[in-house]
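Trainee: I am new to this structure. Please take one part and look at it closely with me.

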Amino acid sequence: ADCGRWSKARVPAEHATGYGPRFSALMAEVAGAYGNGRRIVQTLCASVLQVPISLGAIQTGLDRVAQAIEPHYPAIATQVRHAVVNYIDETPWFLARRLQWLWVRVSDTAAFYMMHPHRSQEAFAALIDAWAGILVSDGYGVYRNWVQARQTCRAHLIRAARGLAERQHVALAACGTWALAELQRLCPMAT
């Protein structure tokens, strides 16, 4: 009766091991993307999801997720390197209690993350490789030296304009108010 159709048998409970792909992905998201420790993941699983889980089982699940996504890492890198526009940023990130830098390149279709021990020109060069498109970024000096086309992130410009608009000096406040209004007028044009 099932000829020509996909069917999947149930694994008897006494032979089932590990956790399913969705649960493992959730643990990886909470631990990796949000930077939470294993004990936080353990507490979340027990208190919110009612799933008691050992720290070893969490690590095993995270290792399986890392192994599953590893082959896709170069494809994501290639995809963002072929995009005309990349949004680039970096943030401090502790990895094994050591300060590292989490760098990100985001195109309209993918996000590529890279860990590097430094916030430097060297790390930026490793992130961009041979790419030569339009860079959208904050005002970090490494980005300002980009020789190709560059756009400052509008959110950073708006924040700076707000800061000026709140100044006590009347001329600075007036300039900030004008710049804020003009930037907000530009935002709908980008969509």
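Mentor: Let us take helix H8. Its buried residues are Ala 173, Gly 176, Ala 179, Leu 180 and Leu 183. Looking down the axis of H8, these buried residues fit within an arc of 130°, so they line one face of the helix. There is a general reason for such spacing. An α-helix has 3.6 residues a turn, so residues three or four places apart point the same way. Keep in mind that this is a predicted model.

Now turn H8 around. The face away from the buried side carries exposed residues: Val 170, Trp 178 and Arg 185. As for its extent, H8 runs over residues 170-186, 17 residues in total. From first C-alpha to last, H8 reaches 24 Å, close to the 24 Å expected at 1.5 Å a residue.

Strand S3 gives a second example of two faces. S3 covers residues 111-116, and its side chains alternate. Phe 112, Met 114 and His 116 point to one face and are buried. Ala 111, Tyr 113 and Met 115 point to the other face and are not buried. Tyr 113 also has a place in the pairing: this residue of S3 is the bridge partner of Val 104. Strand S2, residues 98-106, pairs with S3 in the antiparallel sense, over six bridges. A hairpin of four residues joins S2 to S3.

So, back to H8: its buried residues line one face, while Val 170, Trp 178 and Arg 185 are exposed on the face turned away.

Definitions and conventions. Residues are numbered from 1 along each chain as its sequence is written. This is a predicted model: local features need pLDDT of at least 70, side-chain atom pairs count only at pLDDT 80 or more; totals for chains, interfaces and linings use all residues. Side-chain values use heavy atoms; hydrogens and water are left out. Buried means under 20% relative accessible area, exposed over 50%, partly exposed in between (1.4 Å probe, protein chains only). Helices (H or I, at least four residues) and strands (E, at least two) are DSSP runs, numbered from the N terminus. Two strands pair if DSSP finds at least two bridges between them. The expected span of a helix is 1.5 Å times one less than its number of residues. The arc is that of the directions from the helix axis to the C-beta atoms.
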